[in-house]
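Please open the model in a viewer and keep the selection tool at hand. The tour proceeds by selections, each followed by an account of what is found there.

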Amino acid sequence: MSESVLTSGEAELLKSAAQLLSGEELAEIERLMAGEAANLLSEAEDDDRLTTKIQLDRQRTEQSQEIGPLPFVADPIRRESCRHNLRLYALTYFQASCWRGFAPYQEEMLATFQDVILHGGKKARAVRRGGLKSTLARIATAWSVDFGHRRFPVLVGATDDKANEHRDNFLDMLKASEKHRADFPEWKPVMLKRANPKKMLRLGRELLTVTAKDERGTIVFPKLDYVYDRFGNPIKCEASECRVSPYSMQSTDVSGLSFVNTSGEVVRPDALIFDDVQTPQSAQSFMMTSKRENAICTTFMGLAGLGETIAAIMVCTVREEDDLTMRFCDRKKHPDWDGQTFPILLVEPPSKEAKERWAEYGLKLRESETPEAGFASATAFYLEHRAVMDAGGVVAWEDDKEDNYISALQWCMTMSILQPDYFRCELQQKGARPKGLATQLEAAQIVKRFSNVPRGIVPAWASYLTAFVDSSDHVLWFAVVAWKQDLTSQVVEWGTWPDQGRQQFYKSDLQRMLEHELPGASWEEAFVNAHNRLDDYLLGQDWPTEDGKTRQIDLLLKDWSDGGQKPRIESQVMASRFRSRIRPSKGFAPKPGKKPLHLYGDVHRDRHTSSFWVERRTDQPIHVQFDANIFKANVARRLQTIPGAPSAMMLPGDNEAELMLLAEHLTAERALPIVYDGSPGIVYEAIPGRDNDWWDCIVGNAVAASMLGCTLAGEVQQKKTVRTFRLPVRA
């Protein structure tokens, strides 16, 4: 330590201390101070070496992260020629996907996509599966970003898996195109990031904010102002800071989708590409279809910024009558959308002779011992009579056929013969052929049958109040219906025990089950407990009426299922304090023309009114059997009767959303005509994958109403003939 850094007082103090120390002590202090100085010098040298090492490591890291310079644009003229021509862009850069050229309807789709991306609008195009619609949608998305026509397009799929598939297929398509890689080098950072997601990337030592998949799956482009041609001429990079975001119809975090770029500007989605946004299951469900329709019109279309409009393209395929595709292609339902369907067979051969020849062709397809022999025979017949069979027929595209067919018309007609439903729905874009008769119900009409009487309130005009319980292994379904003598009716209440606590649910995703309500008990005990608790709710309370009074349920029927449920229901009913108002029941489906069900059992001891039900009193407990198809047809007719007319069935309240799941149950079966031994009739067939429990409950209520004496106006129920006789009088 030098004196120059000491104050005068400190120097005097140091001199005084030195006079008190011996020479040896001073030498030791000097030795220690010299060692400390050496240590400090060594530490400084170590710090310098560490700093140098860190700098070298950083330089090596930055060098490993460096991806530049980017390749030159191989052909600027070719690139620029595609700026306003989507069709040329597709043929130039994605020939592998478009190697067959374009069908007329695909040409129209390309023109439609180009117009929407450049100028905005909302357009839906329905074509067959395999019609290149998804590929063209991805090509249109890439085109919109490459030239900066759209800065934040959103690809929407039917499910989360489909959304991920869209992203992966989108990037794979770009990666496979050598010409696109050569003319659009700005994609290189995205592709490198996709190959090594954890690696940071730099361009000219500047760290790039880029990812091929962020936490939400979004494709994020880095900020790049320019790319260059081989002569060093700058070409503006219009994909700079663009994003392509895949989402699904099931996403719950779409609202408010946006990002802030390096300039501080908030960028919101400006294009939506909906690619097959319905599934086979949702297409069959009125409620799921309506939910997706609402999500498109509100959640997704509302992603645009304030005062801005968003461009929307929908590529789709018709699957069912009144499915999502048919709704958006119907100007009456969506006048703000331009929707079109494209069938593959434009005109079927019209002449009588052609129809006869095609009928013979169909017979030859089936008459041989093997499919191959049948097809060979039918093809030979077609070649012989082709002029007649082709006359007047028009197909959308001659190349739209399988390789072993002579012509596209032959393939179309073969599909119409062998797979008529597939042909009508998926190839002709007309939806599945409606099955059934006039008794077929439509959910869209049912949800509008409002009575304006609140749910849970019995109408003042009600003569009777009935209920029905349908059992399943994990939950009980029930419905309560009010009736007038002439079968005018209104559904009062419906639900499950235990209550699911939500408007939309299915038997496959129940959150509360009867076994949860009695923990530790056996299933049999939990099942009986559920029936006891539901009986208390239905029969143990007074139901409020519209005029301020109350009334009780007159008759409750329970589905007396076969198997393990039957003995449990039997014992539960026998032990119930409400057993005088409860009847187990079982629906049957006798063939048309056979013995009517009300004549089953003992015609003298059992009760019936010739109304296709019989109360079996010869066995205990007393139970009811009924013709299920007859009563289903009757209920369907009640739900189609004009509101206000006698015998019309109405639904409570005035809220469509509250009735959607009920309407879905009521339309879960199709009415099909049947002829048995020359006798016509109707049989009801369940639609696969659909819940129909409340439909069974409403039908069961109709049986209960008939048992109480309700009948159509003008009809008189037959009363059981009472046979009497007189005892002889002895003289």
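The stops below go from sheets to helix contacts and then to single residues.

**Before starting**

The model is predicted, so that local features need pLDDT of at least 70 and side-chain atom pairs count only at pLDDT 80 or more, while totals for chains, interfaces and linings use all residues. Residues are numbered from 1 along each chain as its sequence is written, and side-chain values use heavy atoms, with hydrogens and water left out. Helices (H or I, at least four residues) and strands (E, at least two) are DSSP runs numbered from the N terminus.

**Stop 1: the sheet of 7 strands**

Begin with the open sheet whose 7 strands follow the order 5-8-2-11-12-1-13, with mixed pairing; two strands pair if DSSP finds at least two bridges between them. Its edges are strand 5 (219-220) and strand 13, each of which pairs on one side only. Now select strand 2 (residues 153-157) and strand 8 (residues 243-248), which run parallel and are joined by 4 bridges. Within this pair, leucine 155 has proline 246 of strand 8 as its bridge partner.

Add helix 7, which packs on the sheet and touches strand 2, strand 5, strand 8 and strand 11 (271-275); contact means heavy atoms within 4.5 Å. The direction of helix 7 makes about 150 degrees with that of strand 8. Such angles run from 0 to 180 degrees between N-to-C directions, and axes are lines fitted to C-alpha atoms, for helices over the stretch in contact. Helix 11 (residues 286-300) lies across strand 2, strand 8, strand 11 and strand 12 (311-316), at about 165 degrees to strand 11.

Before leaving this sheet, select glutamate 241, in the loop between strand 7 (234-236) and strand 8. Its phi is near 65 degrees, a positive value in a residue other than glycine.

**Stop 2: two helix contacts**

Keep helix 7 (residues 160-176) and add helix 9 (residues 188-195): the two pack at an angle of about 120 degrees, with axes 11 Å apart. Helix 7 and helix 9 are therefore oblique to each other, the class left over when angles under 35 degrees count as roughly parallel, over 145 as roughly antiparallel and 65 to 115 as roughly perpendicular. Asp168, Leu171, Asp172, Leu174 and Lys175 of helix 7 make the contact with Val190, Met191 and Arg194 of helix 9. These residues divide into 4 nonpolar, no polar and 4 charged. In this classification Ala, Val, Leu, Ile, Met, Phe, Trp, Tyr, Cys and Pro are nonpolar, Asp, Glu, Lys and Arg are charged, and the others, Gly among them, are polar.

Next, select helix 11 with helix 22 (residues 656-666), which pack at about 140 degrees with their axes 8 Å apart. Which residues of helix 11 and helix 22 meet? Phe286, Met287, Met288 and Ser290 in helix 11 meet Met660, Leu661 and Glu664 in helix 22. By class, this contact has 5 nonpolar, 1 polar and 1 charged residues.

**Stop 3: the sheet of 8 strands**

Move to the open sheet of 8 strands in the order 23-24-22-21-16-17-18-25, again with mixed pairing. Strand 23 (613-616) and strand 25 (649-650) are the edge strands, each pairing on one side only. Select strand 17 (residues 476-483) and strand 18 (residues 489-497), an antiparallel pair with 8 bridges. Here tryptophan 483 stands opposite serine 489 in strand 18.

Helix 19 (residues 523-539) lies across strand 16 (464-471), strand 17, strand 18, strand 21 (555-559) and strand 22 (582-588), running at about 20 degrees to strand 17. Helix 23 (residues 693-707) runs at about 40 degrees to strand 17 and lies across several strands, including strand 24 (623-627) and strand 25.

Select proline 498, in the loop between strand 18 and helix 19. A cis peptide bond joins tryptophan 497 to proline 498, with omega about 0 degrees.

**Stop 4: a hairpin**

Strand 26 (residues 669-676) and strand 27 (residues 679-686) run antiparallel and are joined by 8 bridges. Tyrosine 676 stands opposite serine 679 in strand 27. This hairpin has 2 residues between the strands, and aspartate 677 takes a positive phi near 55 degrees.

**Stop 5: one residue and its contacts**

Finally, select arginine 551 in strand 20 (residues 550-551). Leaving aside neighbours within four places in sequence, arginine 551 is in contact with Val458, Ala462, Ser463, Tyr464, Leu465, Asp542, Trp543 and Thr545.
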